[in-house]
Amino acid sequence: MTMNQPAVSDAISPSIELSRFVAASRWEDVPAEVRHAARRAILNFFAVAISAARTPSLDIAVRTYARFSAGPQASLAGRPDRVDVLSAAALNAMAANVFDFDDTHHPTIIHPSSPIAPVLFALAETRPMSGQELLHAFVLGVEVACRIGNSISPEHYARGWHITSTCGVFGAGLAAAKTLGLDARQNVHALGIAAVQAGGLVEALGTGAKSVSVGNAARNGLLSALLAADGFDGPALPLEGERGFLRVVSDAPRLNAMTEGLGGSWELLNNAYKPYPCGVVLNPVIDACLELSSDPRIQNEGWRGISRIELTGHPLLRQRTDRPGITSGRQSQVCAQHAVAVALVRGRAGLAEFSDEAVADPVLRTLGARLAFNDDAAMSVDAVKVRVEFNDGAALLREITAPRGSLARPLEDDAIEQKLRDLVRYAGVDVNADRLIDSVWSLETAADAALPMRLAATRK
C-alpha cells in the first residue's frame, strides 16, 4: 500500500457520488417494486448456478481452487464442497454464467447477478447478516455495475470487453462494501482497487475462459472491499480520472449516465430473465423458429426441404452469433446456426438442445449451414425477421418484435420458479427446490441471509 496517495477530492465526481450514495442508502429508500425485483434476480441466480454446478468446467475449477482454499468457510450451489470465501464467490459466479442462462440488464447486456449475488452469500456464511441487509447490498451493487455500464455502452462491448466482468467487479465491490459498513471515502478506494482488477474479453465467449473473468469479477470485487476496509487505498478518481477505468476502456464515456436520477430510478427494473440458455440476442430468433417449427410445412421432418434460412436483425446479431462450424455446447450458446437449426428440428430450446450431443448432430449441422444474415441497423436488438425458403420455392416468414423474457414480455414470477425447478432436475442434484424458492421470497424478513445458499448446497 502506498501512503503518499492524494486525498479524495471534495469536488463531486461520479466516483465520489456513487460512493456516497451507496454509503448513505437506507433500505427504506428502496421502492417495493425494486425489492421484489431483487428477489426475482436472486431466484434466477440460484436456478442457473445449480444448473451448471456439476459440469466438467466447474469440476475443473473447483478442483483447482480447492487446492489453494484457506478453509471450508462457504458453500457452493449444487455441490457438497466448501471453500474459502473468495473462492466461493468466484466459483458460484462462474457457475451462474456457464450456460448463459443468467439475467440480462438492458441496454448494456450486463449479467449483474452472476458476479454480485455470490459475494454477498459468501459473506453471509461468515458474518451475521440479515436477509434485508443482503438484498439492500445486492440492489446497490447492481445499480453501480449497470450505471457504469450505461456510461460506456455500446462501444465498450463492441471493442471486445466482456462487460459483465469489467463492470461487475465494481458492483461486487460496493455491494460487499455496504455489508462491511464502509464509508464513502473507503468506497472510493474500493472502486479504485476494483478498477485495476477489471478484465474480460468477448473473444472468450463459448469457452471456459469466459467463466474465469466472471469469477474474477466476484472475487476481485470482494477483495477490493476487504482491502479498503483494512485501510488499503486507491486513486482519487478511479472511474473518470484522466487514465481511469472509463477513459481507458471507452472513447467518450457519458459521465452523467452514472449519476443522473440516482436514487430515483433503479437499474434493477431494467433486468430481464432468459427463457433459453443462450446469448440474449438469440432470444427473438429462437421464439420465431419455435413458432415456425409447428407449421405443417416444417413438422414431420418437413424441415428437410428447407433450402435457405435468412435472419434480418440488428448488426449485433450477426456480429455476436455468426459462428459456423462450432464444436461444443458452450459455443452453441452464442451460435445462430445452431440455435436456428435445433429450434426448427426439435421444437425445443432447453439446456439439452445446447449440449455437446446436440452440436454433434449432423442433421443440425447441415441445416445450420443454410443460414444467412441480413443486417438492419434500424431494428431493435430484441427484434428479428426469420424467412425460411423451401426447395419448391415456397417460403415462410416470422417476425418477432419483443421476445419472451424481454422487458416488454418479462418472465412472470411463477415462470422463474419453474425455471429453478427444471434446472435443479436437469442438474440431478439433491436440492429441495420448493424450500429454496420459499427462502428467497421470504429473504426480506429472514434473520439469516445465508439460508438460501445452505439450501442450495448438497450433502453429497
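A residue counts as buried when its relative accessible area is under 20%, and as exposed when that area is over 50%, with partly exposed in between. The model on display is predicted, and this tour moves through it by selection.

**First selection: Arg82 and Glu125**

Select Glu125, which is buried because its relative accessible area is 18%. Add Arg82, whose side chain meets that of Glu125 in a salt bridge with an N to O distance of 3.3 Å. The pair joins distant parts of the chain, 43 residues apart: Arg82 belongs to strand E2 (residues 82-83), and Glu125 to the loop between helix H5 (113-124) and helix H6 (131-152). Arg82 has a relative accessible area of 38% and is therefore partly exposed.

**Other salt bridges**

Next, select Arg79 and Asp81, whose side chains form a salt bridge at 2.9 Å, N to O. Arg79 is buried, with a relative accessible area of 10%, whereas Asp81 is partly exposed at 26%. Then move to Glu242 and Arg243, where the salt bridge spans 3.7 Å, N to O. Here Glu242 is exposed at 65% relative accessibility, and Arg243 is exposed at 70%. For a network of salt bridges, select Arg35, Arg39 and Glu444 together. The structure has 29 salt bridges in total. Side chains of opposite charge can pair when their charged atoms come close.

**Helix H3 and what covers it**

Select residues 56-66, helix H3, and highlight its buried residues: Leu58, Ala61, Val62 and Tyr65. Why do they lie on the same side of H3? They cover an arc of only 100° around the axis, so they share one side of the helix. The face turned away from that buried side carries the exposed residues Pro56 and Arg63. Now display helix H4 (85-98) and helix H10 (208-229), which are among the elements covering the buried residues of H3.

Within helix H4, select Asn92. Is Asn92 buried or exposed? Asn92 counts as buried because its relative accessibility is 2%. Beyond its neighbours within four places in sequence, Asn92 is in contact with Phe45, Ala49, Ser75, Leu76, Ala77, Pro118 and Met453.

**The annotated C-terminal span**

Select residues 276-442, which an unreviewed UniProt entry annotates as "domain: MmgE/PrpD C-terminal". The span is 41% helix and 16% strand, and its end C-alpha atoms lie 27 Å apart.

Inside that selection, colour strand E7 (residues 384-390). Its covered face consists of Val384, Val386, Val388 and Phe390, and its uncovered face of Lys385, Arg387 and Glu389. In a regular strand the side chains alternate between the two faces of the sheet.

Add strand E5 (residues 306-313), which pairs with E7 in the antiparallel sense over seven bridges. In this pairing, Leu311 has Val386 of E7 as its bridge partner. Then add strand E8 (residues 395-400), which pairs with E7 in the antiparallel sense over six bridges. Val386 stands opposite Arg398 in E8. Four residues separate the strands in the hairpin of E7 and E8, and Gly393 there takes a positive phi near 95°.

**Last selection: cysteines**

How many disulfides does the structure hold? The count is zero. Cys146 is in no disulfide, and the nearest cysteine sulfur, that of Cys167, is 8.2 Å away. Cys146 is buried, at 0% relative accessibility. Select Cys335 and Cys278 to finish: the sulfur of Cys335 has its closest cysteine sulfur in Cys278, 11 Å away, which is too far for a bond. Cys335 is buried, with a relative accessible area of 1%.

Notes. Residues are numbered from 1 along each chain as its sequence is written. This is a predicted model: local features need pLDDT of at least 70, side-chain atom pairs count only at pLDDT 80 or more; totals for chains, interfaces and linings use all residues. Side-chain values use heavy atoms; hydrogens and water are left out. UniProt positions are given in the numbering used here, feature names are shortened, and annotations may be inferred rather than shown by experiment. Helices (H or I, at least four residues) and strands (E, at least two) are DSSP runs, numbered from the N terminus. Buried means under 20% relative accessible area, exposed over 50%, partly exposed in between (1.4 Å probe, protein chains only). Two strands pair if DSSP finds at least two bridges between them. The arc is that of the directions from the helix axis to the C-beta atoms. Contact means heavy atoms within 4.5 Å. A disulfide is a pair of cysteine sulfur atoms within 2.5 Å. A salt bridge is a side-chain nitrogen of Lys or Arg within 4 Å of a carboxyl oxygen of Asp or Glu.
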